Amino acid sequence: MPTIRFEQVEKSFGAVRVLPPLDLSLNDGEFTVLVGPSGCGKSTTLRILAGLEELSGGEIFFDENPISGLASKDRDLAMVFQDYALYPHMNIAKNMSFALRLKKTPTAEIETKVKRVADMLNIGHLLDRKPAELSGGQRQRVAMGRALVRDASTFLFDEPLSNLDAKLRGKMRTELAEMRDTLDKNMVYVTHDQIEAMTLGDRIVVMSEGVIQQEGTPEQLFKEPANKFVAGFIGSPTMNFLDAELVSEKGKLLARGDGFNLPLPKELTSNLKDYSKREITLGVRPSSFSTDVKTGAPIELRLVVSEYLGAQSTLVTKCGEAEILVEHESSSPMKTGGVLKFGVRTEELMVFDKETERRL
Amino acid sequence: MTTASKLNRLTPYLFLAPAVLLLAVALLYPIGYMIYASFLDWRPSQYIGEAEFVGFRNYINLWNDEAFRESFGVTLKFAAVVVSLEMLLGVGLALLLDRKLRGMAALRTIFILPMMIAPIVVGLMWRYMYHPTVGIFNRTLKSWGLDPIPWLSDGTWSFVAVVIADVWQWTPFIFILSLAALQSLPQSALEAAELDGATGWQKIWHIKLPLMMPVLIVALLLRLIDAFKVLEVVLVMTNGGPGLSTEILSLRIFRTAQEFQELGVAAAMSNYLLILLMILTVIMFVYNKAVENRAARLRAEAQEA
Ligand SMILES: Nc1ncnc2c1ncn2[C@@H]1O[C@H](COP(=O)(O)OP(=O)(O)OP(=O)(O)O)[C@@H](O)[C@H]1O
Ligand SMILES: [Mg+2]
């Protein structure tokens with residue numbers, strides 16, 4: 001499988017610049033997940049890689065060979081399109097087997113392959129229907145199936161599970177994870193879904209407005225986000241951001257704000273030794289709060305709403321004027337309107353520069 | 001259902017009735033006139049009411065009339081040949097010119113010009129180009145040292161000459177419809193085919209043509225109907241000759257009414273043509289209806305799912 005490298009790749013549509021120069025390497029056999037808000041250029045990146053959009057600048061290399069002159073069909077890619085892009089006039093079996101038929105694969109082999117993939121996707125009973133006769137989620141699975149029957153070296157997935165119900169999505173995720181572990185293929189996967197990104201990705205690339213914010217393993221992104229954007233994007237419920245100022249007290253560094261006064265952990269203190277500004281943004285994960293006040297620094301929150309999610313609830317609380325989300329076990333319900341005491345695990349706190357939004 | 005709601009349902013029909021009636025009369029009167037006339041032995045100088053009623057005699061006589069049968073055959077052959085050629089060329093050109101290049105818009109406009117010229121002018125133009133001595137074709141042949149071609153004076157060549165003129169004029173019709181069909185194809189399906197490894201030809205054969213098919217079939221039927229009624233070009237270029245080699249049906253009908261003064265026979269001929277065209281039209285409607293029904297059914301099914 002080729003190593004894929006983007007070098008200073010740019011893309012503009014007319015005067016609209018969608019991708020500023022972008023560098024990105026996709027290692028051999030790796031499952032790379034692209035995440036980012038809607039409209040940030042994820043599909044554009046995939047389409048450029050697939051050769052469906054021309055580059056406005058830069059070059060893409062497969063194993064050090066430039067490929068911008070290579071037609072899509074010669075790039076040995078299989079792609080699941082965000083809008084499915086099924087062939088309207090062919091039934092599902094024909095849709096899925098199109099690439100194989102073009103390659104003059106023996107009929108028996110085509111049949112077994114299509115059958116296997118269709119069964120895996122729960123669409124085995126739909127093989128002689130046309131795309132217009134399917135529901136959205138069924139069409140999406142056909143789009144997936146059409147890519148999976150192929151033996152390409154690189155697979156591109158553009159939000160392939162976005163239209164499936166939770167149960168099916170879970171099943172598909174497992175199938176994909178299994179594929180990732182058993183097949184030696186490059187896979188590039190675009191998603192909005194936290195869980196998909198975290199569970200599937202060997203490596204996650206977080207994009208915003210065409211710029212790569214950070215790339216790394218799911219754990220790296222969660223524990224050591226490069227900036228406020230990544231910290232806010234990875235993790236669910238999202239991280240709380242609070243305006244605070246740094247105060248030194250008895251040789252200890254504190255983050256003080258409206259309604260809280262939290263001591264910062266040691267390594268942060270040493271990181272901030274030479275930091276001259278006082279105004280910062282404090283990041284607290286919803287999972288950093290504990291009802292056991294003794295486990296961390298105390299904080300008082302006023303409960304506004306409790307959102308029940310099953311075993312866990314998300315508490316929407318106020319700390320002064322700021323809103324704070326707290327993850328909480330549903331088994332010990334809380335009364336709304338009351339003031340609650342929590343302990344904050346301060347070793348999980350993060351500090352961001354207020355202007356550059358970099359993590360300090 | 002209450003009387004009031006029944007009345008409410010009838011109201012739109014009541015309002016529409018006079019207009020529909022008027023339209024029906026306006027549409028059907030001339031056709032009814034022609035059908036009636038085909039059962040008469042009728043001269044132009046006579047009032048239609050005084051013409052002798054002869055039943056199916058005109059139809060039966062035509063059935064055994066060599067000249068009529070020949071001209072029916074010529075018409076069939078003409079329609080089949082020109083429409084096949086026009087489909088091939090028109091679709092081919094559309095496939096060729098369906099790209100986003102500079103100057104394409106201008107080129108497309110030029111390609112559809114022939115369609116905008118009056119058929120009688122087209123006929124005259126080609127007649128002079130086919131002229132045995134001063135026409136462009138034979139002058140060119142001569143300058144290359146080749147023998148001149150008897151374009152309009154030989155049976156086979158005159159058929160070819162008429163076919164060429166018609167193809168020249170009507171290929172643009174197929175072209176413009178095909179181009180519109182091509183440009184409204186779902187781009188993403190073509191992109192998917194590209195990624196599935198399809199070459200240019202394979203995309204045309206497996207994706208573009210099948211998806212264009214509904215438009216192509218309608219275009220084909222429209223052209224067929226029109227080709228069966230061709231008159232001016234042939235009239236001006238060959239006047240049906242030499243012999244009966246290009247005596248297409250409309251010409252025969254025209255001659256029967258104008259020169260032989262047999263209006264009843266001409267009407268019967270027209271009705272034979274009408275029956276043929278009606279069969280074609282019904283095929284077209286049935287096909288369209290089937291396509292529509294299928295689309296509606298699929299939409300409904302997809303909604304249920
Ligand atoms: N053909 C085009 N012409 C002009 N602008 C385009 C075109 N395609 C995409 N864009 C713009 O480029 C930007 C990135 O689009 P892209 O489809 O890559 O976003 P995305 O990250 O895939 O979003 P989503 O998650 O909603 O699918 C958007 O602002 C979009 O409006
Ligand atoms: Mg997208």
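## A five-stranded sheet in chain A

Five strands of chain A form an open sheet, with antiparallel pairing and the order β15-β19-β16-β17-β18. At its edges lie β15 (289-290) and β18 (322-329), each of which pairs on one side only. The model is a predicted one.

Look at one pair inside this sheet. Strand β16 covers residues 297-308 of chain A, and strand β17 covers residues 312-319. They pair in the antiparallel sense over 6 bridges. Where does Glu307(A) stand? Glu307(A) is opposite Thr314(A), which belongs to β17(A).

## A six-stranded sheet in chain A

Chain A has another open sheet, made of 6 strands. Their order is β6-β7-β8-β3-β9-β10, and the pairing is mixed. Here the edge strands are β6 (77-80) and β10 (211-216), and each pairs on one side only. From one strand to the next, the twist averages 15 degrees.

Start at the β6 edge. β6(A) and β7(A) pair in the parallel sense, over 4 bridges. Leu77(A) stands opposite Thr154(A), a residue of β7(A). A helix joins the picture here: α4(A) lies across both β6 and β7 of chain A. The helix α4(A) runs at about 175 degrees to β6(A).

## Chain A as a whole

How many helices and strands does chain A have? The count is 9 helices and 20 strands. The C-alpha atoms of chain A fill a box of roughly 80 × 45 × 35 Å along the principal axes.

Chain A has 360 residues, and 52% of them are buried. Now take the contacts in chain A with a separation of 6 or more: 65% of these involve residues 24 or more positions apart. The surface that chain A exposes is about 16600 Å², with 49% supplied by carbon and sulfur atoms.

## Chain B as a whole

Chain B contains 12 helices and 2 strands. Along the sequence, its pattern reads α-β-β-α-α-α-α-α-α-α-α-α-α-α. Is chain B compact or spread out? Its radius of gyration is 25 Å, while the globule rule gives 19 Å for 305 residues. The value for chain B is well over that of the rule, so the chain is more spread out than a compact globule.

The C-alpha atoms of chain B fill a box of roughly 80 × 65 × 30 Å along the principal axes. Of its 305 residues, 40% count as buried. Among contacts in chain B with a separation of 6 or more, 68% come from residues 24 or more positions apart. The accessible surface of chain B is about 17400 Å², and carbon and sulfur atoms account for 70% of it.

## Salt bridges within helices

Side chains of opposite charge can pair when their charged atoms come close. Over all chains, the structure holds 33 salt bridges.

One of them links Asp119(A) and Lys115(A), with 2.8 Å from N to O. Both residues lie in helix α3 of chain A, which spans residues 107-120. They are 4 residues apart, or about one turn of the helix. Asp119(A) is partly exposed, with a relative accessible area of 40%. Lys115(A) is also partly exposed, at 48%.

Helix α7 of chain A, residues 218-223, holds another salt bridge, between Lys223(A) and Glu219(A). The N to O distance is 3.1 Å. These two residues are 4 apart, again about one turn of the helix. Are they buried or exposed? Lys223(A) counts as exposed, at 51% relative accessibility. Glu219(A) is exposed too, with a relative accessible area of 51%.

## Salt bridges and two chains

Salt bridges can also share partners. Lys11(A), Arg47(A), Glu53(A) and Glu191(B) are joined into one network in this way.

Arg150(A) forms a salt bridge with Asp196(B), and their closest N and O atoms are 3.3 Å apart. Why does this pair join two chains? Arg150(A) lies in the loop between α4 (136-148) and β7 (154-158) of chain A. Asp196(B) lies in the loop between α8 (187-195) and α9 (200-228) of chain B, so the pair joins two chains. Both Arg150(A) and Asp196(B) are buried.

Terms used: Residues are numbered from 1 along each chain as its sequence is written. Chains are lettered from A and ligands numbered from 1 in the order in which they are written. Side-chain values use heavy atoms; hydrogens and water are left out. A salt bridge is a side-chain nitrogen of Lys or Arg within 4 Å of a carboxyl oxygen of Asp or Glu. Buried means under 20% relative accessible area, exposed over 50%, partly exposed in between (1.4 Å probe, protein chains only). Two strands pair if DSSP finds at least two bridges between them. The radius of gyration is taken over C-alpha atoms; the globule rule is 2.2 Å times the number of residues to the power 0.38. Contact means heavy atoms within 4.5 Å. Accessible areas come from the Shrake-Rupley method with a 1.4 Å probe; for residues, only the protein chains shown count as cover. Axes are lines fitted to C-alpha atoms, for helices over the stretch in contact, and angles run from 0 to 180 degrees between N-to-C directions.
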